[in-house]
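Dear colleague,

Here is the structure I promised to pass on to you. My notes on what I found in it follow below.

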Amino acid sequence: MTGEKKKKKRLNRSILLAKKIIIKDGGSPQGIGEPSVYHAVVVIFLEFFAWGLLTTPMLTVLHQTFPHHTFLMNGLIHGVKGLLSFLSAPLIGALSDVWGRKSFLLLTVFFTCAPIPLMKISPWWYFAVISMSGVFAVTFSVIFAYVADITQEHERSTAYGLVSATFAASLVTSPAIGAYVSQAYGDTLVVILATAIALLDICFILVAVPESLPEKMRPASWGAPISWEQADPFASLRKVGQDSTVLLICITVFLSYLPEAGQYSSFFLYLRQVIRFTSETVSAFIAVVGILSILAQTVVLGILMRSIGNKNTILLGLGFQILQLAWYGFGSQPWMMWAAGAVAAMSSITFPAISAIVSRNADPDQQGVVQGMITGIRGLCNGLGPALYGFVFYLFHVELNEMDPVDSPEKGAKPNMANPTDEVGLSKSAIIPGPPFLFGACSVLLSLLVALFIPEHNALGLRPGSYKKHTSGAQSHVHNPQGPCEGKEPLLEDSSV
């Protein structure tokens, strides 16, 4: 096994050196300097900073556009976007192997940010385009492929961590800036500022980002065929049952990430409209929880992994998530949300710990397959979670039909039911302000029970024939970052807030 690792390191080093030689010989399109992780970091920061600025205006526009069944429509919008992203990510990744990363970075950033100016032009078109933009809202997939092209295997986890930390940092600062500009100068200026930053991101890709995959390193340039198996989003999910430990890990991820994806899509709206947080308070909440999450995933996670072990860290993270969701579900006062937010930051240690246990137990030639399964399940949850939360809010009649305007000074007002005379619905809302969060807590409790059976040390094994069949097309080209150990993506993409 040690000999295989050394051979693989030498091969990766040779490929990286060959790419650098080709780039120096003029094999890549124009850009500033050689391809680096810092190019990827700037692209990610600008894209999500632009969207973070719109946190406050988007909550306002969403309520004004869908005064009836606001939570349900919010869930459907994000659910459609998530499902489209899940379906399109493998195809875009395979096409970027043939046509290069830079062109697809440009494509994904452009279409992901295209809805921004529509917020003030036509809110209906804005939400429609957000849903459909899910087809191209896979910037992270292309970014991680870009990083895999230019780093060696032992450098990748650090590089992925830098990208994930940049994502978190952009969301820590931008909502607060957007809320301040919105209050001082109005939502229109926020939209203009976000559009300008998105255009700056596009210009940066066009002018400054060099191609990480030179044409000489591609399979057959523009004429290379794309197989259906490469573009099949369910290909990795079909391999879940081949190993009992992989199955347990994947079930744990599904049951715990499903409520997190739903919470991420609706929680800020819930804070604003049901708990009656102001725009500034929502922004401060995002910033504080984001900073605490970064600390939890760095300092606290390292201490726990060394002291109580990998599996117990996962169980502890799931326990924090259950407490956080239950507190969100029963809490009706602002201080309860702040306390639950601190617990939520601690629960963010779960997915890094799961990633670590997978990386440690999987065979070197199956890291990419196992990580691909987990990434595929998370992508599926990004579609199902928001829709599930929106439906549960609708089922329990938690609506905003007759609320005061969003910026009303009467912060003590409570949301009315879809039918104000429905006393049963009113009593249910008074006892359980956030029903979807309690459903989420039950889901994570099941996840915790499943995680108890995950062995601390066990070699993850998939049938070799199945693996080779799936990756034969990718392995035929040595540059492909989706091959063994190189298709691995971190599990921290969007769990920081």
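On the face of H10 turned away from its buried side, Ile192 and Val207 are exposed (over 50% relative accessible area, with buried meaning under 20%, for a 1.4 Å probe and protein chains only). The buried residues of this helix, a DSSP run of H or I with at least four residues, numbered from the N terminus, are Asp187, Val190, Val191, Ala194, Thr195, Ile197, Ala198, Asp201, Ile202 and Ile205. Seen down the axis of H10, these fall within an arc of 160° (taken from the directions from the axis to the C-beta atoms), so they line one face of the helix.

This is a predicted model, in which local features need pLDDT of at least 70 and side-chain atom pairs count only at pLDDT 80 or more, whereas totals for chains, interfaces and linings use all residues. Residues are numbered from 1 along each chain as its sequence is written, and side-chain values use heavy atoms, without hydrogens and water.

The largest nonpolar core (buried Ala, Val, Leu, Ile, Met, Phe, Trp, Tyr and Cys residues joined through side-chain atoms within 4.5 Å) has 98 residues, and Phe267, Tyr270, Leu271 and Met337 have the most contacts inside it. Helix H12 (residues 244-273) gives the largest share of this core, twelve residues. Leaving aside residues up to four places away in sequence, Leu271 touches Arg276, Phe277, Val282, Phe285 and Met337 (heavy atoms within 4.5 Å).

The protein chain averages a pLDDT (the predictor's confidence in each residue, from 0 to 100) of 74, and 70% of the residues score at least 70. Over residues 400-430 the pLDDT is below 50, although this stretch has 47 contacts in the model beyond near neighbours in sequence.

Best regards

Notes. Helix = DSSP H or I, 4+ residues; strand = E, 2+ residues; numbered from the N terminus.
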